[in-house]
Each structure stands twice: as C-alpha cells, then as structure tokens.
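Student: Could we go through a protein model together? I would like to learn how the labels people use are justified.

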There are 2 protein chains.
Amino acid sequence: MLEKRKPLPVKLAIEEVMKYSTIGECEKISIHDSIDRFLAEDLVADHPVPPFDRSPYDGFAIRSKDTKLASAENPVELEVIDEIGAGSVSEHSLSENQAVRIMTGAQMPSGSDAVVMLELSKVINKSGTTYMTLKRSFKEGDNVSFRGEDTQEGSVLVKKGTKITPGIIALLATFGYELVTVSKKPKVGIIATGSELLDVGEQLAPGKIRNSNSYMVEAQVKRSGAEPLYLGKLPDDLESCFQAVKHSLDKVDYLITTGGVSVGDFDYLPEIYKKLGANVLFNKIAMRPGSVTTVAEIDGKLLFGLSGNPSACYVGFELLVRPIVRHFLRSKRPHLQMVKAELEKDFLKPNPFTRFVRGKLEFSDGKVKASPVGLDKSNVVTSLAEADSLITLPGGTRGYQAGDKVDVLLIDDQTGSDKPWAESFK
Amino acid sequence: MLEKRKPLPVKLAIEEVMKYSTIGECEKISIHDSIDRFLAEDLVADHPVPPFDRSPYDGFAIRSKDTKLASAENPVELEVIDEIGAGSVSEHSLSENQAVRIMTGAQMPSGSDAVVMLELSKVINKSGTTYMTLKRSFKEGDNVSFRGEDTQEGSVLVKKGTKITPGIIALLATFGYELVTVSKKPKVGIIATGSELLDVGEQLAPGKIRNSNSYMVEAQVKRSGAEPLYLGKLPDDLESCFQAVKHSLDKVDYLITTGGVSVGDFDYLPEIYKKLGANVLFNKIAMRPGSVTTVAEIDGKLLFGLSGNPSACYVGFELLVRPIVRHFLRSKRPHLQMVKAELEKDFLKPNPFTRFVRGKLEFSDGKVKASPVGLDKSNVVTSLAEADSLITLPGGTRGYQAGDKVDVLLIDDQTGSDKPWAESFK
C-alpha cells in the first residue's frame, strides 16, 4: 500500500525536465499585438539612427566658418534663406553668411555643418530680408546629430527570446517591423483531479472544496507566456482519468494535471503513467511544499503531475513548467532569477527538505528584504495572493532568524536566469 | 516667436495632474479573463478555510484518548471501520478503539479528534477485519486542520484596486467568484503629430523617420491597465490637428498627443489648447528628457501633450499618465515605486533639471544596483528596450559616480507607491 519513493534534489529535478525542452515554431503577428510576446528573430536595425544628419534643437543651421570671428563686440549677421520643419528637406544649399531656420529633428541642409539654438540668436528684419545675429563662434559639428551615431545599420538591437516590452515596440516601429516574428505560444492542457472538487460556481457541500488550482494554473500558464487549454475536472476514478489524459495528449504541447500524485489510495496518476507507457522522470522532489510533484514523458511530450495542494501546485509550476514554456519561447534565461535578500521575520521551522516560503519583497535603503507571508501551511491559499517571491531555504538547515541572508526566487521579474539555481545556493 | 515658460518641479506637476484623477465604473467578467485586471471590490471569504475540520495528511482519523497508553512496548490496536477519500464524508462515528482511513483533504469523521500519518502506523488483517497499530500516543487536535484556522468567513483577503495575479485567482476560485467585479479599463486615445512621421510599413524617405511613439505609447497604455485607441498620425497642420483633437475628445477618457508641444514654429498644441478653451495645467516641467511635456484639461478631461522625442514621451507617460490610469482602476498605489540603489557606472553630466536616466536594475549580494543604459541622448530609442527603471537625479546636482546612492523608479514593479515621490528624494 505504501510506495517508497526516492526524493530528487530540486535542482536535479529541474535539470531532468529541461532535458526534454523543445523550441516552438514562429508566427508573424501585427506589431499592435506584440506586447508580452517573445521575439523569435533578432531585432535588426534596417537603417542607421539617425538616418541622416539632423538638428536636435530648434534653431538655425549655419556654416561654422562664417562664425569664426563672432563675439559680443563683433556679432555676425547671417541671412535666413529658408525655414524647414521636421520631415521637410531644404532645397537650398548654404552659401557664405547664410543660415536656414531649422526645427527639431529636421535634416541638415546642404552646406551647413552646425546648429545654433534659437535662444542664442537674435532675429532682425531689414527691408523684407530676415537676418539672425550671433555673438559667439561655433565649431563644425556643434549641435548636430550625425547619421548613424546612435545605431549602425544592421546592428542587432534585441536578441530573439526576449519578451516584448513597450521600449522594444518603439524599436520595432522605428525599424519597420509592421509584422513581428514571434514564437508561437505552446498550448498547455490543464486537468484537475479530485472527487472533493466543486466548480467555482457551485455551492459548498460537506467534505467538498472549490477547484482553485485550475484557475490559478491557467493564469500561471498565461503569465509564463503560454496558452492554457482547460480540459476539465475529474473525480478520482482511474478509468475516466486515464481516458482524459490519453485523449488530451495530442491536443497540447504539455499537459498539467493537478492532484492524484500522492501515495493515497485514490491517487491514480502513477497508475495512469504506467498504463500510458510513460517514462516517469521522478515522482518525488526533496522540497516542501510539493514533494510528490511528478513529471513523466511520453514520446518526448512532458506530463506535469502537480500536487493538488494549491501552494505546492503553484511552486511546482514556477519551478518546472515555467522554464519549459520560456525555453519553448526561445528565452535564454527561462528560469526564475535567484537573488540574495535579508530575511525580515524569523522563520524557525527546520527544513528537512528544501523549503519554498511564499514571500513579499521590499527594498529598503538599497537593500533587498524578504518577508514570509501568511502561515505558510501547505494547505492555505491566502498567502499566494500576496507573494511575489519564494524564499528558498536549503534542505538540512535549521530555522532562520530575521536579519539572516537568504536566497529568494523572483516570481514577477522578467530578467530570469540561464541556470535553474544560483551558484551561491547550497 | 519665442515663448517663455516657467518650469514646474516634477513632483508638483504630478500632483497637479492627480487633482483631476477620477475613478472608473465597474464591470463583471469571467474569472477566466480576470488576470491582470484590477479588482473593483474587496475579495471577501464566503466561507471559512478550511470549511470543515480536515486531515492535512494521508493516514487514519482516530480518537486521541484511545492512544493514551500507546508505546513501543505497548502498541495500541484500532479497528479500521471505514475509508474516506477527499470529497467524501464518512457515515460512521468512531467508537472506542476505532479508526477511519482518511485521505489528504478529507473531512474528519464524527468522533475523531486526531490524525495519524500513514507512515507511523502498521496495518494488519485479522480474519477479514483490518486493524492499524500505533506505538505512540496522540493529543487531541494532532494533525488536524481546523475549520477557519486559515481564514474566517467574511474576512477581506484582497483589497479593491489590486491587480489580479494567479495567486489572487486561486482565492477568487476558492471563494466562488465565477464572475469578478473589476474596474472598467479607461479608454486612452493616441494621436501622433509630426510631418516627419512615416508609418511603420513605409519606406524611409529623406528627412523622414518612422512613427515609433504611437506604438510605444499604445503598449504603455496596455501595460498600465488601460485600453488604447489609436486615432492616427497627423502632419504639422494647425487646422487638421485641431479638428482631430476636438473630435477625439468624446470617444476617450484621456487623450494623449505626441509631438507639437515644443516652442518650434510647427508646434501647434499650445494653439490647439487655446482654441479648445482648455485649461493648461503646465507647459514646462523641470525635467530631462521631456521638459516641454504639457497637460491640459477641458471639462475635467485630461489631455496629455507628450513630447515627440521617444525617450521624453516614454518618461512623460510613466510619470503622468500611468498614475491617472491606475487611480481610475482604484489602485491605492498608482505611482511608480522609488527605491534606493547603488549606481554601477559613472554618470558625469550635470543635472540642471531633474534627470531621468534609463536604467537596468541588478541585484547583487542583497543590494540593489542600477546601471545607466545607452548614451541617454534624448533622441535615442535603443536604450528604451533595455530599461526597467529610471535613475532619477535631482535638479541642481553635478555628476554622479559609480558607487553613489541614487533614487530609482521601478517601471516593471507592481507594488507601486501611494506618493508620487519618495520622501528621501530632494
């Protein structure tokens, strides 16, 4: 009745899963829809920036040599022969002692080599002709933004695998990406198991609780960058669970089940993996919560057997499923970033296994601090609402006290990590 | 020709805008669509958690008093009279020396008051009857999760105005929120002005650049939680710009224009505000980039005149528009969070005005560090792609050196701030 399972260290479990990671296909989408998607191709400059020598100010384009002798005592007078707004190009070429009124962003007229800011010149009108006067000299190139000084044509500006932000969208627009090549979202199926589960719209009944895992995991799938496919909620019945898993496999890239992975009499996932002929990568991880988290593989397709306990389910997703999704999306940093923080409150429980404590980060005078939120009983969900991090306490350690340095995984951060674990983490 | 403008300190400019903040209406949406929306009502527990006394482990529900004398030398033997999975309720009540096999999450049977974990008991079978033996005593309440010990019925678990995360969705599901009451997204109109602007799909031409601001701002609008409405790109022509602004006003909650707010001859926004009879809150802010950022108001509706320079436009949005959107969505912390960080590289330019330097955060050994990204010339866009923060250097300061403590606004963080500025910021 009681199966003996060998717990795998968390880092090894993640590495085991990553052996089955794959990279998804590409698709072209409108730039308007591209926020939060992942670039499938490097973003390359199709032209230099600035594309032409231009004025960064409102003022006058001049020939610097005409100003060589200018001073307060000896102001120089230049004839204003044209006026150009941004987007226009002057048809005139500057000759000796001529200037062109120029607006911010406009192309430098032929013959000019410097810009005088509007504030530094005086404009006068003499019998229908406009002149500007200058009381100082300018050097060649003064106040000119030169072609290509920001970016050379052909430069790689953003690497594929990067999540698209508003700043990246500015670049995509600048370089003419009306259509953006992004990674297709992997489809992640979700099946909840458990006879105790009611639907969210159902009234509570004795012994029953509402299914929260499917909704939570659906949102985690979206946050990770994938597309969820909710495949239903099943009672603890071997045959119906087996059929559901079997028939879901060809509809999705990855399949998540919640519940049924423990060693209880109604935990049918181990039996289902056996019936499917799936290769079980591991069925126990040396971590709390979520030690029963199981991952199996069939024909290269991963089946994530997450715990039915909401906190364990949450942690299992972020540690194991998120990096698989991000790798599919070509991210080079698919794992959660781990940083050092100062513990704000005592956490005195010993940690036989590596423990993930839901935490809230705070920044105080240049330091990163982390507080455990809620009681962290493995069956409470309330603390998940507040958590933005997982305080990670190594297995085999005793309690921690406020002020201790701890390792923290950042859930909301997009920097990520190329390794599943910080070097510093024991 | 040259208008004199009085620059307003950044903090005062933000406070001036916030005087016109309003709160949006509510709408009910499916829990499936609720991620990243903002709660318009407090999330309240509709039942205690756990909803009944339950077992947190797989094991046996027992009466503690039957185990009082149990020890290694004197094991106690209890008859197993029933087996209950999660979701089932036992019809039996425990009498003396009886136990019920119970699964994780199942309701405690009547008469039981403690749970023995499966690993701590031995099961034997004697002529068709199952017994379990115990070698230690248990106290009343051992290994029982009591009704309401996590959450009392009626508790407020998450405050309105909070952005909905996967963890909050777990709570919404647990407490039966099949429909979630969220704040309606404000509609933010976007008009780009500038004769130099090409559409993203157009070929470059002399003197022209592609319009990147509209796409960037559209994405910033989405990231802030609002709904963008792109209203087109206009040449620098007073009458057509005036008509476009005028006719857009009743289609949106807020209107953003980019460009045309400077003091150049083709900067028509000041004239448009005058023609509309709008109240200009300010037309100069003591900041770089974006000093020409202008905000006006007509019949309580805000018109944001952001700079046509992409970096200035980006900063103006995050400082002025984002908090207005978040306040509309009922956030109590609508502003960007400002934290202290250690500057990683020299930034030697003096800062006549408050300067916002695009930065990238790094966490190193428990400390927050910030590096300026790109050259930070006010006309470059490439650095926007990398930035996740704005290093904020007070006006009137000289250059900063690596190692100096600086204030940093976090762009990607969701914690936010109730004040537009940190106390520490001069």
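Tutor: Happily; we will take some labels one by one and set each value against its rule. Keep in mind that this is a predicted model.

Student: Let's start with the overall layout. What makes up the domains of chain A?

Tutor: Chain A is divided into domain 1 (10-25 + 185-328), domain 2 (28-49 + 151-183), domain 3 (59-134) and domain 4 (337-410). Taken over C-alpha atoms, the centres of domain 1 of chain A and domain 3 of chain A are 70 Å apart.

Student: How do you know that chain A and chain B are in contact?

Tutor: Contact asks for heavy atoms within 4.5 Å. By that rule, 89 residues of chain A are in contact with 89 residues of chain B. The two chains bury about 7200 Å² between them, and carbon and sulfur atoms give 63% of that area. On the chain A side, His32(A), Pro166(A) and Phe363(A) lose the most area to chain B, together 8% of what that side buries.

Student: Why is the pair Lys405(A) and Asp365(B) called a salt bridge?

Tutor: The rule wants a side-chain nitrogen of Lys or Arg within 4 Å of a carboxyl oxygen of Asp or Glu. For Lys405(A) and Asp365(B), the N to O distance is 3.9 Å, so the pair meets the cut-off of 4 Å. The rule finds four salt bridges across the interface of chain A and chain B.

Student: What else is found between the chains?

Tutor: There are 15 residue pairs in polar contact between chain A and chain B. Helix H2 (residues 166-174) of chain A gives the largest share of the side of chain A that touches chain B, with nine residues. By class, that side has 42 nonpolar, 24 polar and 23 charged residues.

Student: What makes Arg223(A) and Glu318(A) a salt bridge?

Tutor: Their closest N and O atoms are 3.0 Å apart, and the limit is 4 Å, so the label fits. This pair links distant parts of the chain, with Arg223(A) in helix H3 of chain A and Glu318(A) in helix H6 (residues 310-328) of chain A, 95 residues apart. Over all chains, the count comes to 31 salt bridges.

Student: Now the rings. Why is the pair Tyr215(A) and Tyr230(A) called tilted?

Tutor: The search finds ten aromatic pairs over all chains. In this one, the ring centres are 6.3 Å apart and the planes are at 45°. Centres must lie within 6.5 Å, and planes under 30 degrees apart count as stacked and over 60 as edge-to-face, so the rest are tilted. Tyr215(A) is in helix H3 (residues 213-224) of chain A and Tyr230(A) is in strand E14 (residues 227-234) of chain A, so the pair ties together parts that are 15 residues apart in sequence.

Student: What makes the backbone at Pro289(A) and Asn143(A) worth a look?

Tutor: Most residues other than glycine have a negative phi, and most peptide bonds are trans. The bond from Arg288(A) to Pro289(A) is cis, with omega near -10°. Pro289(A) sits in the loop between strand E17 (287-288) and strand E18 (294-298) of chain A. In chain B, a cis peptide bond joins Arg288(B) and Pro289(B), with omega about -10°. Asn143(A) is not a glycine, yet has a positive phi of about 60°.

Conventions:
Residues numbered from 1 in each chain as written. Chains lettered and ligands numbered in written order. Predicted model: local features only at pLDDT ≥ 70, side-chain atom pairs only at ≥ 80, totals over all residues. Heavy atoms only, no water. Domains from an automatic or database assignment. Buried area = accessible area lost by both parts, 1.4 Å probe. Polar contact = N/O pair within 3.5 Å; in protein donor to acceptor, adjacent residues only side chain to side chain. Helix = DSSP H or I, 4+ residues; strand = E, 2+ residues; numbered from the N terminus. Nonpolar A, V, L, I, M, F, W, Y, C, P; charged D, E, K, R; others polar. Phe/Tyr/Trp six-rings, centres within 6.5 Å; stacked < 30°, edge-to-face > 60°.
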